[in-house]
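Please open the structure in your viewer and keep the sequence panel beside it, since this tour moves from one selection to the next. At each stop, make the selection first and then read what is there.

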Amino acid sequence: MPALPALFRRARAAVVALAVALGCVTAVAVQSPPAHADATCSANVSVYGVLADGRLTYTAIDPDNGNIVHVITSSRSIGFTPKAMATLNGNTVLVTSTAGVLYRIDVITNATSLTFNDPIDLQHGWTHTLLTYDGHGHIYGTTSAGVLLQYLMSAQNGKPGPLQIGQRVEIGSGGFYLKTLAAAADDRLIATASDGQLISYAVTASGGYTRAQLDDAGWQSFANLVSPGGGLYYGKNPDGAMYWYEDADPADGRGTDITYHLDDPVASRGWTQILLSADPSTCTAKPPANPLRGKIVAAATGEVGTPEAQCDKYNEACDGGRLDWCAMFATWTWATAGVSGVPRSTFVARGLGKWGVDHNLFKWRSSSTHGSPKPGDWVIYGQPDGQVGGHVDVVTAVHPDGTLTVVGGNVSQQVSRRVIDPDTARSGANNDQPISGYVSPPGA
């Protein structure tokens with residue numbers, strides 16, 4: 001089981017294409033998107049799991065900081081080989097067996113010990129590969145043929161009997177070959193695919209659905225994904241690490257507002273369960289308090305492909321590219337998004353870094369960490385000392401593996417988008433300036 005609290009730091013994967021840079025000029029691109037969040041939770045996040053030997057586990061996680069506050073493992077096994085599970089509430093779990101039996105497990109206590117009654121055989125024929133419950137009466141499951149199914153759970157006390165799970169509806173067929181599946185809200189699902197996509201599905205009252213791709217890469221490593229609602233997502237890697245993510249608006253179909261707590265995982269080891277599931281009704285989403293970061297991302301992303309000849313739109317001092325204009329573009333994105341006090345007359349990238357230091361908005365990246373970038377931040381290459389020879393990009397996405405999607409001006413003689421590894425990325429006049437840190441927009 002996970003060790004208490006997450007004082008470990010992530011051992012990072014180092015994989016990513018590096019850009020070749022000259023001055024404010026960096027070579028070509030790639031694309032992708034994710035970045036910030038908020039949730040209202042009635043209690044700690046409750047996560048149930050099953051170990052390979054059949055024992056049940058319970059973990060309570062503080063939703064505000066991702067720290068483990070309580071963990072317990074049962075002494076007895078559930079008595080069958082599990083295949084999929086869904087948590088109905090804080091003391092009721094559904095688990096299917098490899099033989100296709102759907103069991104209900106009623107937890108007696110999860111305080112100083114984890115005890116439960118004998119599993120209750122509810123129904124047979126449950127051969128689903130994945131299972132989840134949305135906290136609002138709907139159970140979802142996928143099949144090996146890629147079908148997504150919905151069932152109605154009608155028990156008022158949250159403990160269904162054999163006749164209280166039914167009304168099977170086929171939501172979609174053929175395209176639901178998913179690696180993980182969790183419920184994020186009423187009739188709203190979050191899932192990952194083996195190719196690394198992060199996907200959300202909004203199921204309609206008529207049995208249809210709307211699919212949104214939140215991220216196109218980086219999520220393939222997770223063996224389990226769970227959600228207590230409210231835009232909080234928890235992903236477990238096969239190596240036993242657990243990471244947490246916050247989606248500012250889980251209903252908007254966008255991944256650009258997901259915050260990635262890469263430097264502060266729930267735990268960097270110890271999660272050895274083969275199945276995991278969270279109480280889905282613990283948290284609810286509330287509107288983002290400040291939309292500035294999303295506006296910055298939208299402003300930067302909307303300019304991708306703009307040629308250098310048109311750089312005067314970012315500052316008339318650009319003069320068609322006669323001056324390096326990466327700083328002009330970076331300050332333009334903030335000003336366009338409505339950030340106040342933007343240093344529009346600072347044309348040197350490292351000067352923007354110094355401005356960030358002077359205004360207590362600079363976040364240092366040490367040689368051993370990615371730092372803590374968020375979408376909307378400026379990425380500063382070179383020390384924040386006001387000297388020439390550096391570069392500045394705008395962060396538009398932060399990915400699970402620590403890589404960043406950035407958009408920068410004066411990159412290959414245009415506004416370009418690319419993916420970088422902040423540990424190894426270099427830019428500047430001689431392509432030798434590492435990332436020193438990030439500048440946060442004031443008021444965000």
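Begin by selecting strand E4, residues 45–50, together with strand E24, and you will find that four bridges join these two strands, which run antiparallel. Now show Tyr48 as sticks and look across to E24, where Ser277 stands opposite this tyrosine. This is a predicted model, so keep that in mind at every stop of the tour.

Next, widen the selection to the sheet to which these strands belong. In what order do its four strands lie? The order is E6-E5-E4-E24, the sheet is open, and the pairing is antiparallel. Colour strand E6 (68–77) and strand E24 (275–278) to mark the edges, for each of these two strands pairs on one side only. If you then turn the view to look along the sheet, you can follow a twist that averages 20° from one strand to the next.

Leave the sheet now and turn to the aromatic rings, of which a search of the whole structure finds 19 pairs. Select Tyr314 and Trp325, whose rings form a stacked pair with 5.9 Å from centre to centre and 5° between the planes. Both residues lie in the loop between helix H1 (292–301) and helix H2 (326–337), so their pairing ties together parts that are 11 residues apart in sequence. Are these two residues buried or exposed? Both Tyr314 and Trp325 are buried.

From that loop, move on into helix H2 and select Phe329 and Trp332. The centres of their rings are 6.2 Å apart and the planes stand at 25°, and because planes under 30 degrees apart count as stacked, this pair is stacked. Phe329 and Trp332 are three residues apart in helix H2, which means that about one helical turn separates them. Like the previous stop, this one has its rings inside the protein's cover, as both Phe329 and Trp332 are buried.

For another aromatic stop, select Trp219, Phe222, Tyr245 and Tyr260 at once, and you will see a cluster that is linked by ring pairs.

Finally, zoom out and show the whole protein chain as a cartoon, in which the secondary structure comes to three helices and 32 strands. If you switch to a surface view, you can relate the picture to two totals: of the 444 residues of the chain, 58% count as buried, while the chain exposes about 16,700 Å², with carbon and sulfur atoms supplying 50% of that area.

Key. Residues are numbered from 1 along each chain as its sequence is written. This is a predicted model: local features need pLDDT of at least 70, side-chain atom pairs count only at pLDDT 80 or more; totals for chains, interfaces and linings use all residues. Side-chain values use heavy atoms; hydrogens and water are left out. Buried means under 20% relative accessible area, exposed over 50%, partly exposed in between (1.4 Å probe, protein chains only). Accessible areas come from the Shrake-Rupley method with a 1.4 Å probe; for residues, only the protein chains shown count as cover. Rings of Phe, Tyr and Trp (its six-membered ring) pair if their centres lie within 6.5 Å; planes under 30 degrees apart count as stacked, over 60 as edge-to-face and the rest as tilted. Two strands pair if DSSP finds at least two bridges between them. Axes are lines fitted to C-alpha atoms, for helices over the stretch in contact, and angles run from 0 to 180 degrees between N-to-C directions.
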